[in-house]
Amino acid sequence: ALPILTLSCTHGVMEGAAAVSPQAPSPRPDLEDELDEDDEELDETLSERLWGLTEMFPDSVRAVAGVTCDLSIVAAKKIYSFSRSALWVGTTSFMILVLPVVFETEKLQMEQHQQLQQRQILLGPTTGMSGGMPGALPPPPMPGKL
């Protein structure tokens, strides 16, 4: 019987073991089960895997990436703070400067509409439409009509 050398890989380290088998080497059906068990042992989180990938880059690249990330976070915070302040200034300015004008315009339109309704009630529907003043002469008749 010849010794059979079997290799297995656990956690990136090759281990060798010599085994004596009385029969000829044959494919092992339980090899798939062993591989599945090895996969279960290698449970890593995404952050651990990404951190492991950083080791393949030089220190200068990692330092630049870290500074870029830090600056991006600082810039995002400043933009957020500025947008909050700008929104506050814009909203309060609109309320103080524009809304009173809008309310006054609406008030004038309502008053004009009420005056028009009063004229229609007092003088009839044609007076309100023509915009004539109360007490003024009616418009001249159209030629050809009696």
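## Helix α4

V102 lies in helix α4. The model is predicted, and in it V102 has a relative accessibility of 43%. Buried means under 20% and exposed means over 50%, so V102 counts as partly exposed.

Helix α4 covers residues 99-123, which makes 25 residues. How far apart should its ends be at 1.5 Å a residue? The expected span is 36 Å, and the end C-alpha atoms of α4 are 36 Å apart, so the two values agree. After α4 comes G124, which has a positive phi, near 110°.

## A nonpolar patch

V102 also belongs to a nonpolar patch on the surface. The other members are F94, M95, I96, L97, V98 and F103. Together the residues of the patch have about 720 Å² of accessible area.

Which elements give two or more residues to the nonpolar patch? They are α3 and α4. Helix α3 gives the most, with four residues.

## Confidence in the model

The protein chain has a mean pLDDT of 77. A pLDDT of 70 or more is reached by 57% of its residues.

Which element has the lowest mean pLDDT, and which the highest? Strand β2, residues 13-20, has the lowest, at 45. Helix α3, residues 59-97, has the highest, at 96. Over residues 10-21 the pLDDT is below 50. In the model this stretch has 23 contacts beyond near neighbours in sequence.

Key. Residues are numbered from 1 along each chain as its sequence is written. This is a predicted model: local features need pLDDT of at least 70, side-chain atom pairs count only at pLDDT 80 or more; totals for chains, interfaces and linings use all residues. Side-chain values use heavy atoms; hydrogens and water are left out. The expected span of a helix is 1.5 Å times one less than its number of residues. pLDDT is the predictor's confidence in each residue, from 0 to 100. Contact means heavy atoms within 4.5 Å. Patches are made of residues with over 30% relative accessible area and no salt bridge: like charges are joined within 9 Å, nonpolar side chains (Val, Leu, Ile, Met, Phe, Trp, Tyr) within 5 Å. Accessible areas come from the Shrake-Rupley method with a 1.4 Å probe; for residues, only the protein chains shown count as cover. A salt bridge is a side-chain nitrogen of Lys or Arg within 4 Å of a carboxyl oxygen of Asp or Glu. Buried means under 20% relative accessible area, exposed over 50%, partly exposed in between (1.4 Å probe, protein chains only).
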